[in-house]
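Welcome! Here is a short guided tour for anyone meeting this structure for the first time. Please keep the 3D view open as you read.

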Amino acid sequence: MRNNQRRTGQHPDSTPSSSSPKTQMAFTTPTEFVELPSCGEFYSEDHPLYKQETIEIRFMTAKDEDILTSEALLKKGLAVDRLLENLLIEDVDPSTLLVGDRSALIIAARISAYGSEYKVSIRCKECFTINEILFDLKTASLRETCFDKEFLREEGISFNKETQTFDLVLPTSGVTVGLKLLDGKAEKKLSEKDNDKNRVTSLLSMFLVKVEESADFDTVMDFVDAMPAKDSKYLRSILPKLTPAVDLLQMHRCENCLHLEEMEVPLSAGFFWPE
């Protein structure tokens, strides 16, 4: 992520004169360019981010903070979308952004607003002690597994540009399926089903969009319901590896039991509100 120089200053037309006792000030909010984990490779040709490796956003302002405190927007789950909509320089619908690209923008916005240090409280999985952990958001790196040709070849996965799907043969059933990366709309639908008793099939129905060349929804859902559990587990394990994203992993040792584990930065509700 690369920050440009601060561009706050006086408007050219606001030069004071003897006949003008007041100086009219105009301020321009600084911007930065954020690298997209997807590199624009997994958008359709008619999407504004097709083949685009970076996108420009402006720094957060006090007015943007109002969005994050709006109870109405928070209840509807629209606060982040509205924030991104305000920050994006280009005319792009935030809900159409891939999940990994959305995360990259959210992290960049948070760093520009409050800095890279992010303190969270996490319970140790071994002794259940609450530990205070300080993450450095600038250590984020782009996950590039989906661009790893050797990995894709080993797994027998190919990317179909026409359908924008990752196509592969399932190891147990031998059925050929197509997986589509989740965008903001799909992520929102999935979060609304967090308490759904059909959580597994709901997740599969979000990203499995093609079965044996058929993209018919009913056909896909019939297969999801009848899919062998081993194939289901395989798909759920492979999706994160295919999803271009920002990795925020950090090793942490519990202060109480000294248990060591690799942890990922939790993007909780307090992400934009440092202590």
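## Helix H8 and its two sides

Let us begin with helix H8, which spans residues 217-226 and has Val220, Met221, Phe223 and Val224 as its buried residues. These four sit on the same side of H8, because the arc they cover around the axis is only 160°. What do the buried residues of H8 pack against? Their partners are strand E9 (176-179), helix H7 (199-207) and strand E10 (208-211).

Now turn the helix around. On the face of H8 that points away from the buried side you will find the exposed residues Asp218, Asp222, Asp225 and Ala226. Please bear in mind throughout that this is a predicted model.

## The chain as a whole

With H8 in view, it helps to step back. The chain has 275 residues, and buried ones make up 40% of them. Its secondary structure consists of nine helices and 13 strands. If you take the contacts between residues at least 6 apart in sequence, 60% of them join residues at least 24 apart.

## A four-stranded sheet and its helices

The strands E9 and E10 belong to an open sheet of four strands, ordered E7-E8-E9-E10 and paired in antiparallel fashion. E10 and strand E7 (158-160) are the edge strands, each pairing on one side only. On average, neighbouring strands in this sheet are turned by 35° against each other, direction ignored.

At the E7 edge, three bridges connect E7 with strand E8 (residues 165-169), and the two run antiparallel. Here Phe159 has Phe166 of E8 as its bridge partner.

Two helices lie across strands of this sheet. H7 crosses E9 and E10, at about 70° to E10. Helix H9 (residues 229-242) lies across E8, E9 and E10, and its angle to E9 is about 40°.

Between E10 and H8 there is a loop, and Glu213 is found in it. Glu213 has a phi near 70°, which is a positive value in a residue other than glycine. Is Glu213 buried or exposed? Its relative accessibility is 62%, so Glu213 counts as exposed.

## The E12-E13 hairpin

Strand E12 (249-253) and strand E13 (260-264) form a hairpin with six residues between them. Five bridges join these antiparallel strands, and one example pairs His252 with Glu261 of E13.

In a regular strand, side chains alternate between the two faces of the sheet. E13 shows such an alternation: Glu261 and Met263 point to one face and are buried, while Leu260, Glu262 and Glu264 point to the other and are not.

The turn of the hairpin contains Leu258, which has a positive phi of about 65°. Leu258 counts as exposed, with a relative accessibility of 51%. Since the cut-off for exposed is over 50%, Leu258 meets it.

## Helix H4 and strand E4

Helix H4 (residues 99-114) has 16 residues, which at 1.5 Å a residue should span 22 Å; its end C-alpha atoms are 22 Å apart, so the two values agree. Of these 16 residues, 13 are buried, so H4 is largely enclosed by the rest of the structure. Just after H4 comes Gly115, where phi is positive at about 95°.

Further along is strand E4 (residues 117-123), which includes Lys119. Lys119 counts as partly exposed, at 49% relative accessibility. Its C-alpha atom is separated by 4.4 Å from that of Leu134, although Lys119 and Leu134 are 15 residues apart along the chain.

## The cysteines

How many disulfides does the structure hold? The count is zero. Cys146 is in no disulfide, and the nearest cysteine sulfur to it, that of Cys39, is 8.2 Å away. Cys146 is also buried, with a relative accessible area of 4%.

Cys257 is in no disulfide either; the nearest cysteine sulfur belongs to Cys127 and is 3.7 Å away. A disulfide needs the two sulfur atoms within 2.5 Å, so the 3.7 Å between the sulfurs of Cys257 and Cys127 does not qualify. Cys257 counts as partly exposed, at 34% relative accessibility.

How values were computed: Residues numbered from 1 in each chain as written. Predicted model: local features only at pLDDT ≥ 70, side-chain atom pairs only at ≥ 80, totals over all residues. Heavy atoms only, no water. Expected span 1.5 Å × (residues − 1). Buried < 20%, exposed > 50% of the residue type's maximum accessible area, 1.4 Å probe, protein only. Arc of directions from axis to C-beta. Contact = heavy atoms within 4.5 Å. Pairing = 2+ DSSP bridges. Axes fitted to C-alpha atoms, helices over the stretch in contact; angles between N-to-C directions.
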